[in-house]
Amino acid sequence: MASDKEIKKKLKIEASHNPDKYYATKVLKDKGFIRKQCQCGINFWTVNKDQEHCGDSACAGGFRFFTENPAKSTLSYIEVWEKFSEMFRNLGYTPIKRYPVVARWNATMDFTIASIAAFQPYVISGEVEPPAEKLVIPQFCLRFPDIDNVGITGSHMTGFIMIGQHMFVPADKWNQDQAFSDILKWLTKGLSLPLSEITFHEDAWAGGGNSGPCMEFFSRGVEIGNQVYMMYEQKNGERKELKLKVLDMGMGHERNAWFSQGTNTIYEATFPEVIKNLLSKTGISYDDEFMKKYAPYAGILNLDEVDDIDKAWQIVADKVGTDVKTLKEKIEPMTGIFSIAEHARSLLFALNDGALPSNVGGGYNLRVLIRRALSFIDKFRWDIQLAEVCRWHAESLKPLFPELMENLKEIEKILEVERSKYEATKQKIETIVSRLLEKDVMIDEDKLIELYDSEGINPGLIAEEAKKLGKKIEIPDNFFGKVAERHEKKEQEHATIKEDNLDLKEIEETEAMYYKDYDTTEFTAKVLKIIEKNIILDKTLFYPTSGGQMHDKGTINGLEVVDVFKQGAVIVHVIKEDALFKEGEEIEGILDFDRRKQLAQHHSAAHIVNAAAKRVLGNHINQAGAKKTEEKAHLDITHYQSVTQDEQQAIEDQANKIVEEKLPIYKTFMPRRKAEDKYGMRLYQGGAVPGKEIRVVEIPEVDVEACGGTHLNNTSEVGTIRIIKTTKVQDGIVRIVFTAGKATENLSSQEGEVLDKVAKLLNCDADQVPARVEELFSLWKKIVKKKKDIEFMLESKERFEGDALVKSCEMLKTQPEHLINTIKRFLKEIEEVEAKKWK
């Protein structure tokens, strides 16, 4: 199977031999462009007969728009989109709002990395209608490989708006010449570039099973954007014409603003007010004359393209007319200013859209951004708060993205927590570094990354501490990029999908009857296939294990059904004994209704608890996993710190309030496009779901999610919701364990029995138990401290999870036997102390 790189190479060669077939050459020729080849091998188009190079910065001698800028229109950052969208609206395109930068609709990525990613995979495949056949979008994107270049090269960013010009049309509506003419109009009318200042490159693209020719456009060494004409499907080594033709034009919003303004760096063109505020806050004096000398050569310091960074610094210093030491002294504070501004903007979008910093997945890269920004603040001892910088960005971006103003208080809390974690980490450094050096452990690149991964320690701080001890540590210039590479993928816990591998090739999709009403318990169906004790029916009411919900139980013709699972689109029933019926016969199925109802109560309760948590903790709450059994359920939510006892109680109160409001629970199958247009991307707060049609479960004004589980008809049917406990299961994920309905009643009964046992043991009334336990625990801690029994104290602290949980008799719910046994130990300890008359 050929790789994307190989497919691209082959298509590019093929297109180069027949450019009229693959590119809009008629438009180019009509405008006076001629085809040439650069010494680098690129085929390019220009109106300049004497032009010998392709216009790429590597061949043209870097960026050359800082002086005598060819763009006749100077556009502010906001004006770029305003002018572009107005022009393309007049050309027949529909401007649409950006999609969230957190790509919950797509299971293959954490963040939206390109404008076309907003429409992957279902629009591209033709399964789902696009928002419009021709559209433009200002899509904010996140990419992390260039973290270490940010602030240094003057052009690199982790977060950027990709202006997308897209078409999703059948072959008979495909007009490549028109699509090309439209973007050419932007270059000549929007940026007001003369044709002599524009160069087009022939290229090709392949990825995600698709491929097509590509045309890139350059001016003065800057790639302004490119158009990909996605025309082919790559399958089993063969190339086929796509039924749906796709135009994917991606153009950097920031680059357009930068190019039109001709500022020294992309940051000054993108967020000038933020840079101005940071310079004022820090007292840094901006040396415009020096930056003008530095800007044309800053790209030489691109860590992705340089083998010897020290040599690169020397080259730039020579170009600027200074020595390396002076160059770094001038540039490093500005690198800090630019990086803080850039990282804060990326964080603003990500946190606003529901992402959280953590030690796993995409959240890890957000933490890298935070800590890189904080390291600059610490290094230069600046009085800067990242939350304040985020607010500056939100205010300046309000004309384009007013939604960024909505969650600033939450973002401030999240960044405060991250700052506290960062400060706590710094306290460890002296001990850790001295211990490693004492053991003569080499602190090399791998060790630095390991320490950052496991302890969150910034390498610069390690180097400073080592210097105090007389040791020098080398930090790789692309350190943060290397760290980010290790955390590109995340895993979803509790998928609760059970599959087997049975021979079901000829079996059609099972009709799932359980979607209609949770309380229908009897049905008849035809037996399609029997494989040992695995029974396949043409239709069924039995819910298979999936979506975090356990399977139904019951009988088929009186034989016990012990398991139900899904293999592809086919539902398989596992019976306890051999079948007494044959293929082709009709059977009667009966569900265990008590189990079905309890599972439905727990599933509907999970949606209610999720909504309640969002009300109490904030809009950043999303489902990260779930499991619903007959006895209890748990919901994993995204949250940046442990849930307090008061917050836990507030969530429980809110959940039961929703139950008491007797709200309807609507379950509706809808075309994906219609559902997304109506509800937005919050549909996927529990993760991506496949299919052209999706099932939407909605509790009006409370919660809406794409969900395939069994649900009640009204919140009042859920019964009392009881939160048993909350636990931080990993960084950025909190688990809420709860019961609903009959399970809550059973729990209360069990707790009553345990409470009576504890009351008897403590020789007090049941309602006095919490106070008595608190009193004993307090006394016991003093005894342990006196006896210096540290290990036992730590063990018990871990078991009890602090005084707050003991006050609420948390152990009654979670580990009653531990509670009773530990109280006995308390009493024994106290008895020993009293016998020895310790004070």
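The chain holds 28 helices and 24 strands, where helices (H or I, at least four residues) and strands (E, at least two) are DSSP runs numbered from the N terminus. This is a predicted model, in which local features need pLDDT of at least 70 and side-chain atom pairs count only at pLDDT 80 or more, while totals for chains, interfaces and linings use all residues. Residues are numbered from 1 along each chain as its sequence is written, and side-chain values use heavy atoms, with hydrogens and water left out.

Of the 839 residues in the chain, 55% are buried, a word that stands for under 20% relative accessible area, with exposed meaning over 50% and partly exposed in between (1.4 Å probe, protein chains only). The chain exposes about 38400 Å², and carbon and sulfur atoms supply 46% of that area; accessible areas come from the Shrake-Rupley method with a 1.4 Å probe, and for residues only the protein chains shown count as cover. Among the contacts with a separation of 6 or more, 68% are made by residues 24 or more positions apart, a contact being heavy atoms within 4.5 Å.

**The nine-stranded sheet**

Nine strands form an open sheet with mixed pairing, in the order β1-β2-β6-β7-β8-β9-β5-β4-β3; two strands pair if DSSP finds at least two bridges between them. Strands β1 (34–37) and β3 (94–95) stand at the edges, and because each has a single partner strand, one side of each is left without a neighbour in the sheet. In the table, three pairings of this sheet are set beside one from the three-stranded sheet described further below.

| Strands | Sense | Bridges |
|---|---|---|
| β3 and β4 | parallel | two bridges |
| β4 and β5 | antiparallel | nine bridges |
| β5 and β9 | antiparallel | nine bridges |
| β20 and β21 | antiparallel | six bridges |

Single residues show how these pairings are built: Pro95 stands opposite Val136 in β4, and the bridge partner of Val136 in β5 is Gln165. Between β5 and β9, Phe168 has Val246 as its bridge partner in β9.

Helix α1 (residues 4–17) lies across β1, β2, β6, β7, β8 and β9, running at about 140° to β6, where axes are lines fitted to C-alpha atoms, for helices over the stretch in contact, and angles run from 0 to 180 degrees between N-to-C directions. Helix α13 (residues 324–352) also packs on the sheet, touching β4 and β5, and its direction makes about 115° with that of β4. Strand β4 is mostly covered, since eight of its nine residues are buried.

**The three-stranded sheet**

A second open sheet has three strands in the order β20-β21-β22, with antiparallel pairing. Its edge strands are β20 (666–671) and β22 (703–706), each of which pairs on one side only, and neighbouring strands of this sheet are turned by 25° against each other on average, direction ignored. Where β20 meets β21, Pro671 stands opposite Glu693. Helix α20 (residues 593–617) packs on this sheet and touches β21 and β22, its direction making about 125° with that of β22. Helix α22 (residues 672–679) packs on the sheet as well, touching β20, β21 and β22, with its direction at about 120° to that of β20.

**Cysteines**

The structure holds zero disulfides, a disulfide being a pair of cysteine sulfur atoms within 2.5 Å. The sulfur of Cys40 is 3.6 Å from the closest cysteine sulfur, in Cys38, and this is too far for a bond. Cys40 is partly exposed, with a relative accessible area of 41%, whereas Cys707, at 12% relative accessibility, counts as buried.
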